[in-house]
Structure formats: structure tokens, C-alpha cells
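Open the structure in your viewer and keep the selection panel at hand. The stops below say what to select and what is there.

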Amino acid sequence: MPIELKCHRGIGPAITGTALVADDNFSARYDLDRTKGTFSRPAHKLYGQSYVDKILVLVTAKGGVASAWMLREMAARRMAPKAIVFDRANTILAQGAAFAEMTMVDRFEAGDPTKLIQNGDALRIEPDKGLVTILNRS
Amino acid sequence: MLAGEHGRARQWALRHQIDVGSFFDAPDFVVVGQAHVMADTESLGEEGVRWLESLAELPPAERRVRVPTITDPRGVDFDTYKRLRQTDAMAEIEARAIRAFESLGVLMTNTCINYQTILPAVRGEHLAMGDTGVVIYSNSVMGACSNFEGGPSALAAGLTGRTPRYGYHLDRHRAGTRLFQVTREARDLADWGALGGIIGRATNSYWEVPVVAGIGRPPNSDELKHFGAALASFGSVALFHMLSVTPEAPTLGAAFQGRSVPVAQTIGEAEIQEFYAIYAAKGDKVDVVVFGAPQLSLLEFSRLADLLDGRRVHGATTLVVTTSPEIKFAADRMGLTRRIEDAGGIVAAGICFYQSYAREMAKANGWQRLVTNSAKLVNIIGGYGYKPTLASTERCVDCAISGRIA
């Protein structure tokens, strides 16, 4: 029986993908090299790693209003994460996900998703149901 | 509107607002007095500009904004982009974005200090402000109500004249959640930024509201500007209260809306020095000194001209000053721009450095070591490949003259 994690109703389509998890935060402007598709801020825990087509699982969003435009621009170039899972999203990333039609969920009943989900986990996200399923573990 | 009777732009706008409002459990909408759109071309990209152009092609009745809608700094200042080694391609995409915005009825103010230069918010006024520094200043110092509204959402608010009622539009989210006791006086704008940065790092959530006590002398608008911009940048914070200074904090009880007051975290000399030490690089060659983030007020501009009088920026160092078009016009008229440029500085209007293709500018100019009095900028610019150092306004000028970090 796969592990089901209940969360708040989210944004965007239902998707499946691979988790890239860190106990860190997210800003498209501050943290990413959007040309290469990697985390570029040296202090970030995912520094140097590619986020393209991954389901990012992070604590919260910070800073920069720019991320609201950037997710759509990244998605148009197919250099975007497939979805973002936060413990708690901020307004900008939720707005950016809505604009980009990118999947985003947050506020989990069982607590911080960066502690519930492991790097490399296969996930199914159903934003309308407020449900994330870990497919590879039971 | 949702059925498309008011056209495709307003239909998109309302759909977008419902998606976002549902995510945050907004009960309804609130009418806004102004919208402020962050939409520099670096973040828009070709995709974003084309999207704006598709709205700009609609008939006027369908595309014009319904409340005053103004803009945050742009990616390019047409008068200085060549000196900053930005490209013609950047200027071209910038011109396209401006044309599209103008056809939507957006006022191209190109500023992140609109609360000092355009129309300050009023207590209780609901707004849809982009730029985290503008939001935190409007909410905290003026007592207005805005969330961080990204470019698409702020434009949606301009088109519908309202925004979903969630977050800082609701009184219950405006109560203090953390308490900070400051025991060291801030002496320079960089100190105020450091203070904001320290509290931002400790707070680190959009949903936390720090309350700051122990501020002796009431800070001025520029000091609060740097404090708030750093707090918002480091912590994603949208509202703070400063005891006896900001309107919702006449007393600790008021700041916490009668809820229990948490134990204070103290910030003193040691914490401030630790913050500077993160970015210290004594003896390093200085590639670029930046005054901006947020854009300079007329008074900051004037002080900088005083500090540069009779001196000359080092040949291997570039000094960049960014301000709003209104302040630039005033500074030109008062001879301040000439004094800064005579000393070898570059004065750019309507941009704010980090929103201006910072990575490409670094490559084109061979810049790496950046010195600034803006804590917000040191937080952001590392992600663009720079090595930033935070220093007082006076020390920044000294670094620009000597070409080294003293």
C-alpha cells in the first residue's frame, strides 16, 4: 500500500515524477541558474543539482517577486521543475504556479514534507484532492 | 467577467485570481486602490513579453487596467545600457515590453520607491503591490494592506480592480508572532539593512510578523526602506511592527493584538558584526560598487554626491547608482547627477541593478567582487555569480575610490 500524504488543495494538473528534496527554501531569482537548469546559489543545499523535470520538495519560498513570471518562462523553455511541494508556500510561488499552470501543493497534515518524502521517491500529486502519494514505499 | 463578456484579458485575470484565492482560502475579493507590477524583462523572458503583447492586441475596452497600475524597475535604462555593457537585444525586448504595458494603460513609473516618489499608501488602504520592499514598507510603515503580488497577479488586480482577500488583507494575519529586542543603534543604511537581514533570517517565513523593540530614535524613510527591503529579502517577510514607530504598534499589546507576547530575541553589536563578517573580504580588489536596491531617494543621492565631491572612482572599479526616473530628473535639475558622474560614477534611472541582467553584466564587464550598502543586494546577488560585500555608505565610496576593500 503506497504512502498517502494529505495536504491542502493545490494548484495545477495531477502529475507523477521523481522527488528532489532538501531542508531548504526556494526562489527562482536568487537560487537558480535558469539557463542551465541548476541551483546556482552556493549556500543552497541543492547547489549544483539539476531541477529540470523534478518534483522539488522544499520548506518554503522566499524573497523575490520575480519567481511569479519565471516559472512560466522556465516551463516554456522546458527547463522547469515538474512540480513544487512546500511545507508552506508563499504568495508569489502560488501565483507563479497558477500563471505557469505548474503543479504546487503545501500544508501537509503529517507535517513538513521535506521530512516525509525522501530524495528519489516516486510521487503522484493530485492537487484537486489535496493528495501526494509516495509510490515506491509502503 | 469569468464568462468572457469583458474580454479575454479580464477573463484570464479573474480565473488567475480565483486559482490563487482558492489556494489561500480567500473568502471573497477586496477592491484595491493601486496595483504595482514587477515585470523586468529578465524575469519576463520572451515568453512573458509575448504573453503581454497578446493582451496588448485586444480592443481598448478589453485591455485597459481599471485602477492606477504602476511599474517596478525595468531591465534596461536606454540612456545607460551601453555603458553597463547590456546588449541591444536587451534594449529591444525592453522596448517591446514597455509598448505592451503602455497599451494596457499601465503607468511606467519604473520604481521600487513609489512610496517615496509616486503616491504613498494610507492606513487601511488595500493594494496589490509587487516588489517585496514596496509591500513590506506599505504594510508596515503606512499600515496599508497588500500581499506580495507577483507581476501576473498585480496585473490581474489592475485589470479587475480587486484582489483575493487573504494574507495581509485580513487583520488576524497582522498580529506580531515574534519579538526582537535591538540593543545596538543602527548608524548607517547598511546597519539598518543588516538588522533587517538578521531578523529576516531568524523569521524566515511569509507568515511570520516580527515585532521590533528597542529602537531609540525614530528612523527616517530611507532607513526603514533599507530595513524593510532586507527583512523581506532575507525572510520573505511582508509585515513588521516597530514599537512606538509603526502605526499598528503603539504598544506591545497592540502589536501582538492582545495575544501572548513571546520571549524576545536580542540583537546587539555581536550579531551585527557577525552579519557583516559573512560578506567581509578585506584587501580584495573591488570590481563594482552599487548604490541601489532599493533605488536611491533624493536625500541618499545628495549625500552620495557630497561624499564623491573632489574624488575620482578608481580606474579598475565601476560605481553604479540606480534611482527612479522622478529622482533622476530632480537630481539632474539640482546638479547632483553631474557631481556623481564627474567623479566617474554611472547614474541609471528606472532600473535597480539586480533586475537588470546582473549575470550578463558581470560577464560582459568582468565583475565579480561587488561592494554595496544594500543588505538586500548582498542577499540576492550571490545567486548571479557575484561575491558581495556589505559596507557603510561612506566605506562603499572609499572602496570605489581606492579600488580595494579597506
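**Chain A: overall layout**

Select chain A: among its contacts with a separation of 6 or more, 74% join residues 24 or more positions apart. Keep in mind throughout that this is a predicted model. Chain A has four helices and nine strands, and reading along the sequence gives the pattern β-β-α-β-β-β-α-β-α-β-α-β-β. Align the view to the principal axes, and the C-alpha trace of chain A spans about 40 × 25 × 25 Å. Its radius of gyration is 13 Å, which agrees with the value near 14 Å for a compact globule of 138 residues. Of those 138 residues, 57% are buried.

**Met104(A) and the nonpolar core**

Next, select Met104(A) and Ala97(A). They are the residues with the most contacts inside the largest nonpolar core, which has 175 residues. Show what surrounds Met104(A), leaving out neighbours within four places in sequence: Gly10(A), Ile11(A) and Gly12(A) are in contact with it, as are Ala83(A), Ile84(A), Ala89(A), Leu93(A), Ala94(A) and Ala97(A).

**Where the chains meet**

Now display both chains. The contact between them takes 31 residues from chain A and 32 residues from chain B. On the side of chain A, colour α1 (28-31), α2 (67-76) and α3 (91-100), the elements that each give two or more residues to this contact. By class, that side has 14 nonpolar, nine polar and eight charged residues.

Move across to Phe23(B), which lies in helix α1 (residues 8-23) of chain B. Which residues does Phe23(B) contact, leaving aside its neighbours within four places in sequence? They are Gly10(A), Ile11(A) and Ala94(A). Those three names also occur in the list for Met104(A). Is Phe23(B) buried or exposed? With 25 other C-beta atoms within 10 Å, against a threshold of 20 or more, Phe23(B) is buried. Add Tyr166(B) to the selection: it is 143 residues from Phe23(B) along the chain, and the two C-alpha atoms are separated by 9.7 Å.

**The start of chain B**

Go to Leu2(B), in the segment before α1 of chain B. This residue is exposed, having 12 other C-beta atoms within 10 Å. Not counting residues up to four places away in sequence, Leu2(B) touches Gln11(B), Leu14(B) and Arg15(B). A distance label from Leu2(B) to Trp12(B), ten residues along the chain, should give 7.8 Å between C-alpha atoms.

**Chain B: overall layout**

Zoom out to the whole of chain B, which has 17 helices and 14 strands. Its radius of gyration of 21 Å is close to the 22 Å from the globule rule for 406 residues, so chain B is as compact as a globular protein of that length. The C-alpha trace of chain B spans about 65 × 55 × 35 Å along its principal axes. Buried residues make up 55% of its 406 residues. Of the contacts in chain B with a separation of 6 or more, 78% come from residues 24 or more positions apart.

**Domains of chain B**

Colour chain B by domain: domain 1 is 8-169, domain 2 is 172-276 and domain 3 is 280-402. The C-alpha centres of domain 1 and domain 2 of chain B lie 27 Å apart. Across their boundary, 16 residues of domain 1 are in contact with 18 residues of domain 2. Select helix α6 (residues 132-140) of chain B, which supplies seven residues, the largest share of the domain 1 side. That side is made up of seven nonpolar, eight polar and one charged residues.

**Two helices of chain B**

Select residues 151-160 of chain B, helix α7. Ten of its ten residues are buried, so this helix is largely enclosed by the rest of the structure. Among them are Gly151(B), Pro152(B), Leu155(B) and Thr160(B). Just after α7(B), check the backbone of Gly161(B), where phi is positive, about 80°.

Finish at helix α9 (residues 221-235) of chain B. At 1.5 Å a residue its 15 residues should span 21 Å, and the end C-alpha atoms are 20 Å apart, which agrees. How many of the residues of α9(B) are buried? The count is 13 of the 15, so α9(B) is largely enclosed by the rest of the structure. Ser236(B) follows α9(B) and has a positive phi, near 60°.

Note on methods:
Residues numbered from 1 in each chain as written. Chains lettered and ligands numbered in written order. Predicted model: local features only at pLDDT ≥ 70, side-chain atom pairs only at ≥ 80, totals over all residues. Rg over C-alpha atoms; globule rule 2.2 N^0.38 Å. Contact = placed C-beta atoms within 7 Å. Domains from an automatic or database assignment. Nonpolar A, V, L, I, M, F, W, Y, C, P; charged D, E, K, R; others polar. Expected span 1.5 Å × (residues − 1). Core = buried A, V, L, I, M, F, W, Y, C linked by C-beta atoms within 7 Å.
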